[in-house]
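Let's take a walk through this one together, beginning at the metal sites and working outwards. Keep the viewer open and click along as we go.

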Amino acid sequence: MARSALLNVMVDAVRKAGRALTRDFGEVENLQVSHKGPADFVSAADRKAEQILFEELSRVRPTYGFLMEERGVVEGSDPAFRWIVDPLDGTTNFLHGIPIFAISVALERQGQLVAGVIYNPVMDELFVAERGGGAFLNDRRLRVATRSNLAECVIGSGFPFLGQGDHGRFLAEARLVMNEVAGIRRCGAAALDLAWTAAGRFDAYWERGLNAWDMAAGIVMIREAGGFVTDADGGDRMLEAGSVLAGNEEVRKRLGAVLAKA
Ligand code: IPD
Ligand code: CA
Ligand code: CA
Ligand code: CA
């Protein structure tokens with residue numbers, strides 16, 4: 001697959017940040033960790049990866065703005081372009097030595113998501129997508145799964161950490177979903193949940209209580225893998241709603257109908 005110059009910029013940045021995360025993952029017990037909330041952690045690894053992404057992306061595209069999880073909003077001189085960055089998606093996994101985490105970088109142009117890169121450095125799995133150009137995992141073209149019979153489907157999800165979000169609502173939804181599907185997975189990194197859905201590993205995925213940086217790159221990935229993505233209530237404002245529901249058209253619809261009963 002021949003990558004565009006833009007995707008090359010994104011890939012170089014995430015690979016560099018990925019090397020830093022891999023080093024820190026090897027010495028996770030020595031990392032400085034602080035709390036943003038009761039079970040909302042941020043470590044020196046999150047900040048270091050974010051700094052690398054900020055430097056690399058600003059060097060190559062100096063006029064673009066940023067929305068980053070740890071640093072927040074950084075205005076650019078060109079209001080048309082904005083990077084949406086999660087430097088370490090799956091911090092809880094990372095700090096527990098669970099190798100399911102990723103870097104997620106998306107580009108928004110005039111309010112539209114146009115490119116996304118999600119990289120798990122431990123598995124060396126690089127997911128890339130650009131609007132109109134398809135989605136790829138390590139240069140292999142991705143398609144969402146074709147199953148739509150819920151009883152055969154494995155569904156990804158996530159639920160709020162301690163002190164955040166509505167556990168009752170999640171349990172009500174999960175209970176209904178559990179009665180219909182083959183299985184539910186909670187892997188702990190929303191960007192990877194979307195990438196894995198784009199790759200057909202999950203038949204569908206839903207989660208509430210997310211932020212723009214958890215979802216932005218994954219949304220491009222799903223669409224470019226031929227999938228459909230809405231918020232968890234079927235609307236089209238995922239980033240604003242902070243929720244997502246993704247899969248092939250039919251399974252997304254069927255799962256949405258189950259969630260609507262909760
Ligand atoms: C978290 C992960 C998790 C999801 C949380 C996110 P972080 O991101 O994506 O799977 O359930 O809502 O906050 O904090 O590890 O980047
Ligand atoms: Ca976090
Ligand atoms: Ca995240
Ligand atoms: Ca994060």
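Before we look at any metal, one cut-off is worth having in mind: a donor here is an N, O or S atom within 2.8 Å of the metal, or 3.2 Å for Na, K and Ca, and water is not among the atoms, so sites may look incomplete. Also keep in mind that what you have on screen is a predicted model.

With that in hand, go to the calcium ion (ligand 3). Its coordination comes from Asp86 (OD), Asp89 (OD) and Asp214 (OD), at 2.0 to 2.3 Å. Written as a sequence pattern, the spacing of these donor residues is D-x2-D-x124-D. That long gap is where the site ties together distant parts of the chain: aspartate 89 sits in strand S5 and aspartate 214 in helix H6 (residues 212-224), 125 residues apart. Both aspartate 89 and aspartate 214 are buried. If you then look for the calcium ion (ligand 2), you'll find 5.2 Å between it and the calcium ion (ligand 3).

Now slide over to the calcium ion (ligand 4). Which residues hold this one? The protein donors are Glu69 (OE), Asp86 (OD) and Leu88 (O), and they lie 2.1 to 2.4 Å from the ion. Their spacing in sequence reads E-x16-D-x1-L. Here the calcium ion (ligand 2) is 3.7 Å away from the calcium ion (ligand 4), and glutamate 69 coordinates both of them. Notice that aspartate 86 turns up again: it is a donor to the calcium ion (ligand 3) as well as to the calcium ion (ligand 4).

How buried or exposed are these donors? Aspartate 86 has a relative accessible area of 1%, so it counts as buried. Leucine 88 is buried too, because its relative accessibility is 1%. Between those two donors is proline 87, which belongs to strand S5. Proline 87 has a relative accessible area of 0% and is therefore buried. For a sense of what packs around here, measure from proline 87 to lysine 48: they are 39 residues apart along the chain, but their C-alpha atoms are separated by 8.5 Å.

Next up is ligand 1. There are 15 residues around ligand 1, and Asp89, Gly90, Thr91, Ala190 and Glu207 come nearest. Strand S5 (residues 81-89) gives the most to this shell, with three residues. Some of the metal donors reach ligand 1 as well. A polar side-chain atom of glutamate 69 is 3.3 Å from one of the ligand 1 oxygen atoms, and an N or O atom in the side chain of aspartate 86 is 3.2 Å from an oxygen atom of ligand 1. From the backbone, a polar atom of glycine 90 lies 2.7 Å from a ligand 1 oxygen. How much of ligand 1 does the protein cover? On its own, ligand 1 exposes 380 Å², and the protein buries 93% of that. The space that ligand 1 takes up is the largest pocket.

Let's leave the ligands and visit the stretch after the helix at the start. Leucine 31 is in the loop between helix H1 (5-25) and strand S1 (33-37). With a relative accessible area of 16%, leucine 31 counts as buried. Leucine 31 is also 6.6 Å from serine 43, C-alpha to C-alpha, with their positions 12 residues apart in sequence. Alanine 44 is part of helix H2 (residues 44-60). Alanine 44 has 29% relative accessibility, so this residue is partly exposed. Its C-alpha atom is 9.8 Å from that of asparagine 30, 14 residues away along the chain.

One last stop, for anyone who likes a Ramachandran plot. Glutamine 110 is not a glycine, yet its phi is positive, near 50 degrees. You'll find glutamine 110 in the loop between strand S6 (102-109) and strand S7 (112-120). Glutamine 110 is exposed, with a relative accessible area of 62%. Aspartate 124 also has a positive phi, of about 50 degrees, without being a glycine. Aspartate 124 sits in the loop between S7 and strand S8 (125-130). At a relative accessible area of 38%, aspartate 124 is partly exposed.

Key:
Residues are numbered from 1 along each chain as its sequence is written. Chains are lettered from A and ligands numbered from 1 in the order in which they are written. This is a predicted model: local features need pLDDT of at least 70, side-chain atom pairs count only at pLDDT 80 or more; totals for chains, interfaces and linings use all residues. Side-chain values use heavy atoms; hydrogens and water are left out. Buried means under 20% relative accessible area, exposed over 50%, partly exposed in between (1.4 Å probe, protein chains only). A residue is near a molecule or strand if one of its heavy atoms lies within 4 Å of it. A polar contact is a pair of N or O atoms within 3.5 Å; within protein, one must be able to donate a hydrogen and the other to accept it, and residues adjacent in sequence count only if both atoms are side-chain atoms. Accessible areas come from the Shrake-Rupley method with a 1.4 Å probe; for residues, only the protein chains shown count as cover. On a 1 Å grid over the protein atoms alone, a cavity is a set of points where a 1.4 Å probe fits but cannot get out, and a pocket is an open set with protein on both sides within 12 Å along at least five of seven lines; lining residues have an atom within 4 Å of a point. A molecule sits in a cavity or pocket if more than half of its atoms lie within 2 Å of its grid points. Helices (H or I, at least four residues) and strands (E, at least two) are DSSP runs, numbered from the N terminus.
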